[in-house]
Amino acid sequence: MASRLLHLRRLLPAARSSAGGGGAAFSTVIPTRRVSALVDEICGLTLIEASSLTDALRGRLGVDQLPPLAILTGGAAPLAGGAAAPGAAGEEAKPKEEKMAFDVKLEGFDAAVKLKIIKELRAFTNLGLKEAKELVEKAPAVLKAGVPKEEAESIAEKMRAIGAKIVLE
């Protein structure tokens, strides 16, 4: 939302100047004075204020699902002191219980199995030999981040069978 606002902020002056010269960039409909005032005010918001606006609108309108970009970036922080919708606390507690993505972390290993661990690490990542070796040598280190539960358990099982000490976070 904030990036869209910033993008809008850059486009609005250009759209206004092109409106008189043959066609508006967005639409041929002229906004009302109230809409223009809202657009001007929204364009003047800081990123934090835009994030708060997004959260307030989601709460007021009862929108539970985040847009795909917000999911990838982790979403915005909730409003401090804002009133939550009824049942919102119960709905937020469920996703915290069911973790969907895990980090596979190498806690340690025996020196004798270092080569096997490097080889197995290269099998489930796109790392080269040098990168895989450096990652294993700086243990404890996250070998793979944000993987689904089944894949994380599979990787952990294979690495443990070799002799690595693996933790799923």
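**Salt bridges**

Five salt bridges are present in this predicted model. Begin by selecting K105, E107 and E169, which are linked in a network of salt bridges. Within this network, the closest N and O atoms of K105 and E107 are 3.7 Å apart. For K105 and E169, the closest N and O atoms lie 3.6 Å apart. K105 belongs to strand β1, whereas E169 sits in the segment after β3, so this pair ties together parts that are 64 residues apart in sequence. How exposed are the two acidic partners of K105? E107 has a relative accessibility of 36% and counts as partly exposed; E169 is likewise partly exposed, with a relative accessible area of 36%.

Next, select K114 and E137, whose side chains meet in a salt bridge with an N to O distance of 2.6 Å. Which elements does this pair link? K114 is in helix α6 and E137 is in helix α7 (residues 129-137), and the two residues are 23 residues apart, so the pair links distant parts of the chain. Both ends can be inspected on a surface rendering: K114 is partly exposed at 24% relative accessibility, and E137 is partly exposed at 41%.

**The sheet**

Select the three strands, which form an open sheet in the order β2-β1-β3 with antiparallel pairing. Why is one side of β2 and of β3 left without a neighbour in the sheet? Strands β2 (141-148) and β3 (164-168) stand at the edges and each has a single partner strand, so one side of each remains without a neighbour. From one strand to the next, the twist averages 25°. Strands of a sheet pair through backbone hydrogen bonds, in either a parallel or an antiparallel sense.

Display the backbone of strand β1 (residues 101-109) together with β3; five bridges join these antiparallel strands. Two positions serve as landmarks along this pairing. G108 has K165 in β3 as its bridge partner, and K105, already selected for its salt bridges with E107 and E169, stands opposite V167 in β3.

Then turn to β1 and β2, which pair in the antiparallel sense over five bridges. Here F102 can be selected with V147, its bridge partner in β2.

**A164, at strand β3**

Stay with strand β3 and select A164, which is found there. Is A164 buried or exposed? A164 is buried, with a relative accessible area of 6%. Leaving out residues up to four places away in sequence, A164 touches L106, G108, F109, I117 and M159. A distance label can be added between the C-alpha atoms of A164 and A111: they are 53 residues apart along the chain and separated by 9.9 Å.

**E120, in helix α6**

Move to helix α6 (residues 114-124) and select E120. E120 is buried yet has no salt bridge. How far away is the nearest side chain of opposite charge? That side chain is K158, at 4.6 Å. A salt bridge requires the nitrogen to be within 4 Å of a carboxyl oxygen, so a separation of 4.6 Å does not qualify. K158 is nevertheless in contact with E120, as are M159 and I162, when neighbours within four places in sequence are left aside. M159 is also among the residues touched by A164.

**K130, in helix α7**

Select K130 in helix α7. K130 is exposed, with a relative accessible area of 59%. To place K130 relative to I118, draw a line between their C-alpha atoms: the residues are twelve apart in sequence and 9.5 Å apart in space.

**The whole chain**

Finally, clear the selection and colour the chain by secondary structure, which comes to eight helices and three strands. Read along the sequence, the pattern is α-α-α-α-α-β-α-α-β-α-β. Buried residues make up 20% of the 169 residues. Among contacts between residues at least 6 apart in sequence, 62% join residues at least 24 apart. With the surface displayed, the chain exposes about 12,300 Å², of which carbon and sulfur atoms supply 59%.

Note on methods: Residues are numbered from 1 along each chain as its sequence is written. This is a predicted model: local features need pLDDT of at least 70, side-chain atom pairs count only at pLDDT 80 or more; totals for chains, interfaces and linings use all residues. Side-chain values use heavy atoms; hydrogens and water are left out. Helices (H or I, at least four residues) and strands (E, at least two) are DSSP runs, numbered from the N terminus. Buried means under 20% relative accessible area, exposed over 50%, partly exposed in between (1.4 Å probe, protein chains only). Lys and Arg count as positive and Asp and Glu as negative; His and the chain ends are not counted. Contact means heavy atoms within 4.5 Å. Accessible areas come from the Shrake-Rupley method with a 1.4 Å probe; for residues, only the protein chains shown count as cover. Two strands pair if DSSP finds at least two bridges between them. Axes are lines fitted to C-alpha atoms, for helices over the stretch in contact, and angles run from 0 to 180 degrees between N-to-C directions.
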